[in-house]
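These are my notebook entries on what I looked up in this structure, taken helix by helix and then at the surface.

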Amino acid sequence: MSDLLVDTTLLRDMASDVSLIRTEFDSAKTTSQNLADAVGHAGLADRGTTFASNWDHRRSELVEQLATLGEDLLTAADGLENTDTELGACITEAAQPASTGANG
C-alpha cells in the first residue's frame with residue numbers, strides 16, 4: 001500500500017510567505033516614492049518613480065493572483081486536514097468491535 005504524505009504545515013508556511021510577498025508588491029509604489037525622496041538626485045528619483053508607475057497595472061494583477069494563491073494554499077491545507085480527520089474516524093469506527101445488540 002502506498003502512503004500519501006502531505007505536509008500541511010508547509011502549505012500554511014507557503015501561504016504566509018505568499019502573503020508577505022503580496023504585501024511587498026502592494027506597498028511597492030510607496031516604497032519607490034520613499035526611495036526616490038532619499039536618492040537626492042532629481043533625475044534618478046524621477047526614473048525610479050516612473051518605473052514604479054509603469055508597473056502599477058501589472059503589480060495590481062500580481063497582488064490579486066498572489067491573494068488567490070494564498071487562499072488556495074490554505075484551502076488545500078484545510079481540505080487535506082479535514083479529509084485526514086474524517087478518514088481516521090472511519091478507520092477507528094471500523095476497528096471497533098460490532099455491538100451484539102441490546103442484550104450485550
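Entry on H1. I began with the length of helix H1, residues 8-26: its 19 residues should span 27 Å at 1.5 Å a residue, and the end C-alpha atoms are indeed 27 Å apart, which agrees. I keep in mind that this is a predicted model.

I then looked up which residues of H1 are buried, taking under 20% relative accessible area as the cut-off, and found Thr8, Leu11, Ala15 and Val18. Viewed down the axis of H1, these buried residues fall within an arc of 65 degrees, so they line one face of the helix. An α-helix has 3.6 residues a turn, so residues three or four places apart point the same way. On the face of H1 turned away from the buried side I noted the exposed residues Leu20 and Glu24. At the N-terminal end, H1 is capped by Asp7, a side-chain oxygen of which lies 3.1 Å from the backbone nitrogen of Thr9.

Entry on H4. What covers the buried residues of H1 includes helix H4, residues 56-95, and I therefore turned to H4, which has 40 residues and reaches 58 Å from first to last C-alpha, close to the 58 Å expected at 1.5 Å a residue. Its buried residues are Arg59, Leu62, Val63, Leu66, Gly70, Leu73 and Ala77, and they pack against H1, helix H2 (28-39) and helix H3 (42-54).

Entry on the largest pocket. I recorded about 340 Å³ of space in the largest pocket, which is lined by 13 residues, with Leu4, Leu5, Leu80, Asp84 and Leu87 lying nearest its centre. H4 gives the most to this lining, with seven residues.

Terms used. Residues numbered from 1 in each chain as written. Predicted model: local features only at pLDDT ≥ 70, side-chain atom pairs only at ≥ 80, totals over all residues. Heavy atoms only, no water. Helix = DSSP H or I, 4+ residues; strand = E, 2+ residues; numbered from the N terminus. Expected span 1.5 Å × (residues − 1). Buried < 20%, exposed > 50% of the residue type's maximum accessible area, 1.4 Å probe, protein only. Arc of directions from axis to C-beta. Contact = heavy atoms within 4.5 Å. Polar contact = N/O pair within 3.5 Å; in protein donor to acceptor, adjacent residues only side chain to side chain. 1 Å grid on protein atoms, 1.4 Å probe; cavity = no way out; pocket = protein on both sides within 12 Å on 5 of 7 lines; lining within 4 Å. Points joined across faces, edges and corners; volume = space filled by probe spheres on them.
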